[in-house]
Amino acid sequence: MQQSLDIARETLFAPAGIGESELEQVFSRLMAPSVDTADLYFQSSRQESWVLEDGIVKQGSHNIDQGVGVRAISGEKTGFAYSDDIVMPALLEASSAARAIARGGQSGSLKAWHQGRGLGLYAPMDPLETMSAEQKIALLREVDAEARRQDPRVEQVIVSLSGLHDVVLVADSDGRLNADVRPLVRLNVTVLVAQNGRRENGSSGGGGRYGYEYFLEDGRALGYAREAARQALVNLEAVDAPAGTMPVVLGPGWPGVLLHEAIGHGLEGDFNRKGTSAFSGRIGERVASEYCTVVDDGTLANRRGSLNIDDEGEQTQCTTLIENGILRGYMQDRMNARLMKMQSTGNGRRESYAHLPMPRMTNTYMLNGPHDPAEIIRSVDRGLYAVNFGGGQVDITSGKFVFSASEAYLIENGKVTRPVKGATLIGNGPDVLTRVSMVGNDMALDSGIGVCGKDGQSVPVGVGQPTLKVDALTVGGTS
Amino acid sequence: MAETLIKNTTGTLPGESELTLIVEQVLDEARRQGASDAEAAVSVGTGLSVQVRQGEVDTVEHQRDRSLAVAVYFGLRQGTASSADFSPASIRATVEAACAIARHTSEDPAQGLADPDRLARDIPELDMYHPWALDADRAITLALEAERVALGADPRITNSDGAGVSSNSGIRVYGNSRGFIGGVRSTRHGINCMVIASDDQGMQRDYWYTVNRVPGELEPAEDVGRKAAANVLRRLGSRRLGTRKVPVVFQASMARGLLGQFVGAVRGGSLYRKASFLLDQLGQPVFADWVTLTERPHLSRALGSAPFDHEGVATRQRDLVAGGVLQGYVLDSYSARKLGMETTGNAGGVHNLLLHPGDKDLDGLLAEMGTGLLVTEMMGQGVNMVTGDYSRGAAGFWVEGGEIAYPVQEITVAGNMKTMLRNMRAAGNDVDIRGAIHSGSILVDEMTVAGE
């Protein structure tokens with residue numbers, strides 16, 4: 001962590017000549033007797049993306065952004081201002097604006113600066129520099145060729161490669177300084193296929209907090225190409241999806257978007273403090289079958305949803321949300337934890353310095369259960385087997401959630417039979433997991449593709465689960 | 001009630017001439033670094049937003065955003081870069097980054113600036129800039145008013161997700177190396193409120209919002225609160241439905257989304273990639289024969305107005321669909337060249353696309369439907385743009401004999417977009433203009449509803 005703090009000071013403080021005495025000056029402007037806590041979030045991020053289409057690399061972009069967000073909290077009130085210029089006059093002006101939510105004069109209570117705790121889950125490096133431009137382009141071309149090699153019905157291949165180098169430093173009114181250098185890479189492939197006038201698409205991808213070499217290891221990138229083509233070709237054969245309520249078996253990995261929507265958002269601290277979640281006040285109650293244990297874990301090495309520290313400078317942790325079916329805990333940021341007299345769980349996250357932090361998920365997944373996945377399929381007389389999904393959405397107040405299958409099959413007499421078209425599944429968060437009657441022993445995490453949106457802010461997240469069976473879920477097909 | 005002392009307003013914007021100068025610096029720098037062509041957009045936005053909840057201030061946010069985006073061309077190769085820093089050193093570095101990318105991209109015959117004869121010459125004044133002398137105290141007072149009315153409307157309204165007031169001003173200047181330079185100044189203000197009602201079956205939430213370029217044209221805060229309350233109360237007691245095939249009315253705000261999906265299918269990017277369910281449909285009937293969709297980019301004060309598009313191309317009024325027949329596509333220069341066509345001035349999207357309304361209001365549409373589903377909320381993505389397959393989560397009301405019978409939830413609505421557009425039977429006159437697509441409610445014959 002010392003290395004991250006050194007990098008962050010060099011990147012964020014040195015150009016503006018900011019040191020501890022300048023920080024003290026800012027905090028003495030920011031603090032008032034009725035301000036409970038305040039923090040500064042310094043950020044510098046550099047992002048690139050390359051896109052291949054029609055067999056050529058036709059687009060590339062490069063983006064630099066930096067700035068500082070200034071927040072003052074007084075009870076349940078938050079004052080917030082930010083500047084995309086990290087210089088002392090802008091910091092002081094933003095501090096005056098942010099503290100205006102609180103009345104009263106100056107107060108000078110400042111504690112000695114000290115470094116906060118953090119994890120070392122990924123290397124503090126710049127992923128954009130881990131490959132030359134020539135190598136990045138060669139990688140895109142290889143992925144394109146691999147996808148086209150799969151089948152003559154492949155018509156169009158779109159490959160994108162992106163990298164982010166994010167340096168953050170959090171200084172708070174407790175005198176804590178903490179920093180994180182966060183690499184993030186992503187590769188995505190979309191394949192369009194056509195046969196007798198019918199067209200379909202498939203897509204695949206992955207990534208994490210690595211350098212770009214991650215995509216070359218174990219032939220990962222080429223694997224995404226084959227997977228995208230395979231999905232598109234399966235969809236060419238798909239018949240209309242069924243409509244109605246039936247048993248649904250969800251495959252391992254990314255179908256864990258079920259957990260993210262059905263229970264994850266509803267267990268975020270802000271909604272529960274406000275009493276607006278369908279899970280409010282239900283800790284200790286049964287909300288799932290005995291086979292279900294679900295955690296939110298920000299501490300997995302190199303995962304897309306992992307963080308050494310959250311965006312409030314708190315070390316991330318593994319939080320048990322549901323244990324053997326019983327609701328155990330919420331995900332908290334500092335403000336909501338304080339107001340609920342709980343502890344932060346290291347889930348305070350924000351899209352950037354220009355956004356306020358709030359409780360957000362990291363990597364949310366269900367632990368293994370006792371069942372053999374083949375046995376789970378065999379147990380279904382007539383139902384749906386869904387192995388891949390697009391996105392989902394939830395209304396945390398009514399508890400209703402959806403997630404949309406992009407690859408699914410009918411199960412007939414205990415066997416997986418025909419592929420069916422994509423369909424949206426809809427259910428009720430507080431009771432869907434009580435209908436989970438079987439949980440497999442094949443837990444997998446997704447490949448590193450998740451983006452979660454809340455209040456207009458996007459953050460990278462992960463999900464995962466073993467194969468599982470929901471006895472009754474509504475499938476939104478047409479037949 | 002208000003516990004704030006902030007007196008500063010949303011801040012002032014730089015002048016158009018100041019940003020024009022920056023655009024010129026960027027274009028000069030690109031030329032200096034050897035680019036054969038370049039284009040740049042510089043924008044600055046400033047805003048204030050407050051959120052209150054349960055009669056207290058929740059957040060007060062001051063926004064100020066800047067961005068500079070540049071695209072450079074070396075013949076038929078392109079590179080782009082962006083930054084939030086307008087300093088000369090940053091301009092140089094940003095142009096360098098774009099040039100470095102252009103050295104590695106491939107030659108693409110469709111690449112390049114908009115054709116010079118399509119660039120806007122006369123820039124119409126569209127009256128889009130109406131700053132609001134709003135300080136945080138006043139914003140908080142308005143938000144509290146909206147929430148107070150909503151919370152006081154009925155004892156079953158037990159909680160609040162809060163009410164908010166926001167005011168944003170922005171200026172964007174675009175220029176390119178063929179001599180075009182133009183700026184647009186605009187404002188956008190809003191009031192919103194979301195409340196929660198509960199009964200023995202659980203909680204429901206719903207909301208209302210108003211948004212306008214002109215502060216005086218916003219709905220009064222108490223009306224926002226009253227409508228939020230009415231919306232949430234009527235959802236209490238929601239039931240599920242059995243699986244069935246029925247006609248569906250998409251309430252205006254949802255109908256706008258449906259038309260947005262149609263626009264996605266006739267957008268150049270979807271067409272040249274052949275990732276659209278409306279390939280090769282130009283001149284063909286894609287909607288029911290009564291449907292006309294007109295794009296009106298020069299409407300005074302409207303949210304989707306634009307004197308020129310993101311490439312400087314003149315925008316103009318046109319029928320996208322007339323008598324149900326597709327009259328054109330939604331193209332920028334790049335996708336137009338890929339398709340062997342001309343740009344339609346839609347770099348950045350459609351501008352005030354209006355579905356010509358019918359003569360009935362929503363109640364009239366429900367009467368015409370007779371028995372079926374009124375959809376007031378949709379969840380999830382659930383639209384396959386390649387095939388048109390449509391399957392989304394929904395909530396709304398079961399309608400019998402033209403009258404609302406009871407609220408419904410936890411159901412899906414499914415069909416195929418191609419059939420849905422052809423099966424549109426009527427549009428209401430309850431036109432919702434809170435965005436770039438303007439539409440009343442839409443009645444669609446027979447869709448599959450899945451539930452219990």
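In the predicted model, strand β2 (residues 56–74) of chain A and strand β3 (residues 77–83) of chain B run parallel and are joined by four bridges. Within this intermolecular pairing, A:Ser61 stands opposite B:Thr80 of β3(B).

The strand pairing belongs to a contact between the two chains to which chain B contributes 74 residues and chain A 69 residues. Together, chain B and chain A bury about 5,700 Å², of which 49% lies on carbon and sulfur atoms. On the side of chain B, the greatest losses of area to chain A fall on B:His104, B:Met379 and B:Glu410, which together account for 11% of what that side buries.

Polar and charged interactions were also examined across the interface. Between chain B and chain A, 30 residue pairs are in polar contact, with both residues of each pair at pLDDT 80 or more. Eight salt bridges are counted between chain B and chain A. One of these links A:Asp395 to B:Arg205, with a separation of 3.2 Å between the closest N and O atoms. As for the secondary-structure elements involved, strand β2 (residues 56–74) of chain B supplies eleven residues, the largest share of the side of chain B that touches chain A. By residue class, this side of chain B comprises 29 polar, 23 charged and 22 nonpolar residues.

Strand β2 thus appears on both sides of the description: in chain A as the partner of β3 of chain B, and in chain B as the source of eleven residues that touch chain A.

Conventions:
Residues are numbered from 1 along each chain as its sequence is written. Chains are lettered from A and ligands numbered from 1 in the order in which they are written. This is a predicted model: local features need pLDDT of at least 70, side-chain atom pairs count only at pLDDT 80 or more; totals for chains, interfaces and linings use all residues. Side-chain values use heavy atoms; hydrogens and water are left out. Contact means heavy atoms within 4.5 Å. Buried area is the accessible area (1.4 Å probe) that two parts lose on being put together, summed over both. A salt bridge is a side-chain nitrogen of Lys or Arg within 4 Å of a carboxyl oxygen of Asp or Glu. A polar contact is a pair of N or O atoms within 3.5 Å; within protein, one must be able to donate a hydrogen and the other to accept it, and residues adjacent in sequence count only if both atoms are side-chain atoms. Helices (H or I, at least four residues) and strands (E, at least two) are DSSP runs, numbered from the N terminus. Ala, Val, Leu, Ile, Met, Phe, Trp, Tyr, Cys and Pro count as nonpolar, Asp, Glu, Lys and Arg as charged, and the others, Gly among them, as polar. Two strands pair if DSSP finds at least two bridges between them.
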